[in-house]
Amino acid sequence: NNGPLSAEEVALKLISSLGREIYHLARIMPNLATILGPRMSDLRHEQACVNPQERLQYLLCQFVEVISISFAAPVTLFLDDLQWA
């Protein structure tokens, strides 16, 4: 299959790469939670973290890597912090 990946395929690739840690990204990315769908309840993960900022940075880098290798087209990432302005 050389066509675009389905949302299901993307979800499986992300879960395969990030494991239960993807839960933390889905909490701040509502569309990711939608893509993961009912799996979110299985991924619930509340492990304490010494440095949550470093964990989030690592997870975002992993997320971008998985997305960028999953599609043949360039990936554009928009970071919107307008609500904080």
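# Exercises on a five-helix chain

The protein chain has five helices and zero strands. The model is a predicted one.

## Exercise 1. The overall fold

Task: Give the order of the elements in the protein chain, and find what share of its residues is buried.

Solution. Start at the N terminus. The elements run α-α-α-α-α. Next, take burial. Of the 85 residues in the protein chain, 27% are buried. Then turn to the contacts with a separation of 6 or more. Residues 24 or more positions apart make up 56% of these.

## Exercise 2. Helix H1

Task: Check the span of H1 against the expected value, then locate its buried residues.

Solution. Begin with the span. H1 has twelve residues, and at 1.5 Å a residue they should span 16 Å. The expected span is 1.5 Å times one less than the number of residues. The end C-alpha atoms of H1 are 16 Å apart, so the two values agree. Now list the buried residues of H1: Val10, Ala11, Leu14, Ile15 and Leu18. They lie on the same side of H1, because they cover an arc of only 130° around the axis. Finally, look just past the helix. Gly19 follows just after H1 and takes a positive phi of about 60°.

## Exercise 3. Helix H5

Task: Decide which residues of H5 are buried and which are exposed, and name the helices that the buried ones pack against.

Solution. Check the length first. H5 covers residues 52-70, and its 19 residues should span 27 Å at 1.5 Å a residue. Its end C-alpha atoms are 27 Å apart, which agrees. Next, sort the residues. Arg55, Leu59, Gln62, Phe63, Val66, Ile67 and Ser70 are the buried residues of H5. Their arc around the axis is only 130°, so they sit on the same side of H5. On the other side of H5, the exposed residues are Gln53, Glu54, Gln57, Tyr58 and Ile69. Last, find the packing partners. The buried residues of H5 pack against H1 (7-18), H2 (22-28) and H3 (30-36).

## Exercise 4. The nonpolar core

Task: Name the residues that touch the most other members of the largest nonpolar core, and say which helix supplies the largest share.

Solution. The largest nonpolar core has 16 residues. Those touching the most other members are Leu14, Leu18, Ile22, Leu25, Leu32, Leu36 and Phe63. H1, H2, H3 and H5 each give at least two residues to this core. H1 supplies the largest share, with five residues. One general point helps here: in soluble globular proteins, nonpolar side chains tend to be buried together.

## Exercise 5. Two core residues

Task: For Leu25 and Phe63, find the helix, the burial and the contacts.

Solution. Take Leu25 first. Leu25 is in helix H2. Its relative accessible area is 0%, so Leu25 is buried. Leave out residues up to four places away in sequence. Leu25 then touches Leu18, Leu32, Leu56, Leu59, Leu60 and Phe63. One of these partners shows a long step in sequence: Leu25 and Leu59 are 34 residues apart, with a C-alpha to C-alpha distance of 7.1 Å.

Now take Phe63. Phe63 is in helix H5. Its relative accessibility is 12%, and the cut-off for buried is under 20%, so Phe63 counts as buried. Set aside neighbours within four places in sequence. Phe63 is then in contact with Leu14, Leu18, Leu25, Met29 and Leu32. Phe63 and Ile15 are 48 residues apart in sequence, and their C-alpha atoms are 9.9 Å apart.

## Exercise 6. The largest pocket

Task: State the volume of the largest pocket, list its lining, and find the helix that gives the most to it.

Solution. The largest pocket has a volume of about 260 Å³. Its lining is made up of Ile28, Met29, Leu56, Leu60, Cys61, Phe63, Val64, Leu77, Phe78 and Leu79. H5 gives the most to this lining, with five residues. Phe63 lines the pocket and also belongs to the largest nonpolar core.

Definitions and conventions: Residues numbered from 1 in each chain as written. Predicted model: local features only at pLDDT ≥ 70, side-chain atom pairs only at ≥ 80, totals over all residues. Heavy atoms only, no water. Helix = DSSP H or I, 4+ residues; strand = E, 2+ residues; numbered from the N terminus. Buried < 20%, exposed > 50% of the residue type's maximum accessible area, 1.4 Å probe, protein only. Arc of directions from axis to C-beta. Contact = heavy atoms within 4.5 Å. Core = buried A, V, L, I, M, F, W, Y, C linked by side-chain atoms within 4.5 Å. 1 Å grid on protein atoms, 1.4 Å probe; cavity = no way out; pocket = protein on both sides within 12 Å on 5 of 7 lines; lining within 4 Å. Points joined across faces, edges and corners; volume = space filled by probe spheres on them.
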